[in-house]
Each structure stands twice: as structure tokens, then as C-alpha cells.
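Here's a quick tour for anyone meeting this structure for the first time. Have a look at the sequence and the 3D view, then read on for the spaces inside and what fills them.

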Amino acid sequence: VTGFSAEWLAMREPIDAAARDRAIARRLSELLPPGVRRRCFDLGCGTGSNVRYLAPLLGAPQRWVLVDSDEQHLRRARELAGGSAMGEDHGLPEGDEAAGINGMRVVRGAPPIDGMPAMHATSIDTRCIDLAGDLGQLELEEGALVSAAALLDLVSAAWLTRLLDRCRACDAIVLFALTYDGRIALEPGDPADAAVRDLVNRHQRTDKGFGPALGPAAASFARARLEDLQYRTQSAPSDWRLEPADALVQECLLRDWARAAVEIAPAAQELCERWLRKRLAHLERGQSSIRVGHQDLIAWPAGSRDQPGA
Ligand SMILES: C[S@@+](CC[C@H](N)C(=O)[O-])C[C@H]1O[C@@H](n2cnc3c(N)ncnc32)[C@H](O)[C@@H]1O
């Protein structure tokens, strides 16, 4: 079920929403002047989880462009936005209250932030693009929001550098949510946990289509690069906290980690299989909890609105 399947994306959506750092969303809202219609990109959007989380929290009117290489995901994103009858690249009509965010599910775990202005008009457009190729296909414009959730750990340093240079060229606001940072804590502990985690993290750095992946280093690389480009940055952990009630998500993760670990180190197969059996037994008994480390990062060009809300 893992990878990028729609089932997996649906399963993780409420967990992502509960994990995301609210201060980062608040900062984004402060950076978007009310009344100014903003073009917002969601790269590697999947079925649209990121826009469902962010759009209701922002005070400014938004024109979202959802980008993914998977046409099925984009179709699902349009369906969830109430635009299933629309053809590719048409999206919902631009507009005011009536276009709004009609039909969009606001996910569990993302209640409105106190004191935030009411939701503004939102339009949704989709683009089927292989982002690993020519980034010139992204029609970024001055002051756009460029966001991505659960994407950054898949990309390479060279690719991310190219993207951030493009962001700087148009003074985009940048928001990367839910970037895996290499931390995995399992309860109850097992002597093999650290070995399996290290293999998973090695696997994270293999090529996911963008060149050698940054994996757990992605969030810190992005932050440092943005600061080199004279961006102000703010980051915070957005860890998943999986309890025994999240048994299905836990099972998918454990199986996926064991598979990845064996793929990167076939000699560790026996260790990983034993580890998986023990972990699934804890889960079966309702005794397993897992914390997965993620980072949220927001960045805005220094000098533009150094004092958000000012
Ligand atoms: C882990 S999923 C995250 C999806 C979504 N952002 C979310 O938070 O639910 C990664 C997404 O990146 C997309 N993706 C992977 N490689 C891509 C590429 N080369 N070009 C465009 N999208 C890509 C996948 O199709 C998938 O939807």
C-alpha cells in the first residue's frame, strides 16, 4: 500500500495534518497580504492533501496549481475538489466566493487557527509534469508560493538547487512540509531497531527519479541553500506519532521499512525478517507506537516582508 499509491496517500493524510507545525502555517498566512490573489504551486501534489490542509488556513485568495507526474492522482485531486467533470488543465473556475473551496474536504486534524481570517476564494488547476525533467515547464511568477509536502526527501541536491534558484529568481515564498529527517523511534524498543533504521536511511538516499536522493538530509540542505540565497527561514519538527490505534499505517510502514532494508542490504534479510515478525507481534498485541521524524520549513525573501503581518 505504500509508495505513492492513492490508498497510502489517503491513509497518511489525517496523520500528516495532525503532525504539521501550526506556527509555520500561521507564518505563511502572515506572509500573504490579504486581498492579493496569489499563485500557489503544490509540487508532487499526489491527490491534493497539501492544498486541503493549507487553503482553509490562509487569509488571501489563492489560485492553486497542483503538479504531479501521476495523472490518476491529479484526477482524484480534481474529484476531491469537486471538479471531476473538468478536463486536464482546466480545474475549477477562477473566482470569488462561489468558486470558493466548494466540495473540498477539510481534513480531520486541521481545525482553523485562532484569529485567522475567514477562508478566501480558491481555484484549483492541475498540471501533469515530470518534475525531474525541465523545471522551465513550471510557470512560476513573481511572489508565487512554491510548496511541496512529503516530496523533498526524494529529490537530489542538484535538482533542489535548481528549483530554489528558480524560486529566488521570482522571489517566491517557499514551504516544504513533512520532509522525512531520518529519525525513527519505536516502542517497545528492540535491539535491531537502530540497524534497520540505518538501512532504511541508506535506502532513502538512492535515486527516486531525481538523481541521488537527499533523503534525511533534505530539510537541512534546503534551509542552508535558502539562507545562502538571502531567504529568511523558519523550521519545526512535524513528527508522525503513531499509536496502537493507527495499526494499519504502522503495519504498512514496518513492512515497507523491512523491504527497503533488505533491498539495500540483502545480507541483512534474516535480521530484518526477525525484526519485522517481532514488531508485528507488538502491533498485534496493541503495544506498538512509532514516531517518525519530519521537518516543516518555510522561507521568504529577506527584505520583502521581513516583519510578517507588518
Ligand atoms: C510521498 S508522495 C506525496 C504526495 C502529496 N504531496 C501528499 O502529501 O500526500 C510523492 C508524490 O510525488 C510525486 N512524484 C514523484 N516523482 C515525481 C516526478 N518526477 N514528477 C512529478 N511528481 C512526482 C508522486 O506521484 C507522489 O504523488
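A cavity here is a set of grid points where a 1.4 Å probe fits but cannot get out, and its volume is the space filled by probe spheres set on those points. By that reckoning, the second largest cavity holds about 30 Å³ of space. Keep in mind that this is a predicted model. We'll start with the ligand, move on to the pocket and the cavities, and end with a couple of backbone details.

**The ligand and its surroundings**

- The ligand has 18 residues around it, and the closest are Gly44, Asp68, Asp130, Leu131 and Ala149.
- That shell is made up of ten nonpolar, five polar and three charged residues.
- Gly44 reaches the ligand through its backbone: one of its backbone N or O atoms is 2.7 Å from a ligand nitrogen atom.
- Leu131 does something along those lines, with a backbone N or O atom 2.8 Å from a nitrogen atom of the ligand.
- For Ser69, a polar backbone atom lies 3.3 Å from a nitrogen atom of the ligand.
- On its own, the ligand has 590 Å² of accessible area, and the protein covers 94% of that.

**The largest pocket**

- Where does the ligand sit? You'll find it in the largest pocket.
- This pocket has about 1100 Å³ of space.
- It is lined by 46 residues, and those closest to its centre are Gly3, Phe4, Arg12, Ala150 and Leu154.
- Helices and strands chip in too: α1 (6-19), α3, β5, α6 (193-204), α8 (247-264) and β8 (289-301) each give at least two residues to the pocket lining.
- Sorted by character, the lining of the largest pocket has 22 nonpolar, 13 polar and eleven charged residues.

**The cavities**

- How many cavities of 30 Å³ or more does the structure hold? There are two.
- The largest cavity contains about 50 Å³ of space.
- Its walls come from Arg39, Phe41, Val65, Val67, Arg127, Ile129, Gln137, Leu138 and Glu139.
- Two strands, β1 (38-43) and β2 (62-68), are the elements that give two or more residues to the lining of the largest cavity.
- By type, that lining splits into five nonpolar residues, one polar and three charged.
- Around the second largest cavity you'll meet Arg20, Asp21, Ile24, Ala25, Tyr53, Leu54, Leu175, Ala177 and Asp296.
- At least two residues of this second lining come from each of α2 (22-31), α3 (49-54) and β5 (173-187).
- The lining of the second largest cavity counts six nonpolar and three charged residues, with no polar ones.
- Notice that α3 and β5 turn up twice: each supplies at least two residues to the lining of the second largest cavity, and each does that for the largest pocket as well.

**Backbone details to look for**

- Most residues other than glycine have a negative phi, and most peptide bonds are trans.
- Against that background, the peptide bond from Glu187 to Pro188 is cis, with omega near -5°.
- Look for Pro188 in the loop between β5 and α6.
- Asp171 is not a glycine, yet it has a positive phi of about 50°.
- As for where to find Asp171, it is in the loop between α5 (157-169) and β5.

Definitions and conventions: Residues are numbered from 1 along each chain as its sequence is written. This is a predicted model: local features need pLDDT of at least 70, side-chain atom pairs count only at pLDDT 80 or more; totals for chains, interfaces and linings use all residues. Side-chain values use heavy atoms; hydrogens and water are left out. A residue is near a molecule or strand if one of its heavy atoms lies within 4 Å of it. A polar contact is a pair of N or O atoms within 3.5 Å; within protein, one must be able to donate a hydrogen and the other to accept it, and residues adjacent in sequence count only if both atoms are side-chain atoms. Accessible areas come from the Shrake-Rupley method with a 1.4 Å probe; for residues, only the protein chains shown count as cover. On a 1 Å grid over the protein atoms alone, a cavity is a set of points where a 1.4 Å probe fits but cannot get out, and a pocket is an open set with protein on both sides within 12 Å along at least five of seven lines; lining residues have an atom within 4 Å of a point. A molecule sits in a cavity or pocket if more than half of its atoms lie within 2 Å of its grid points. Ala, Val, Leu, Ile, Met, Phe, Trp, Tyr, Cys and Pro count as nonpolar, Asp, Glu, Lys and Arg as charged, and the others, Gly among them, as polar. Helices (H or I, at least four residues) and strands (E, at least two) are DSSP runs, numbered from the N terminus.
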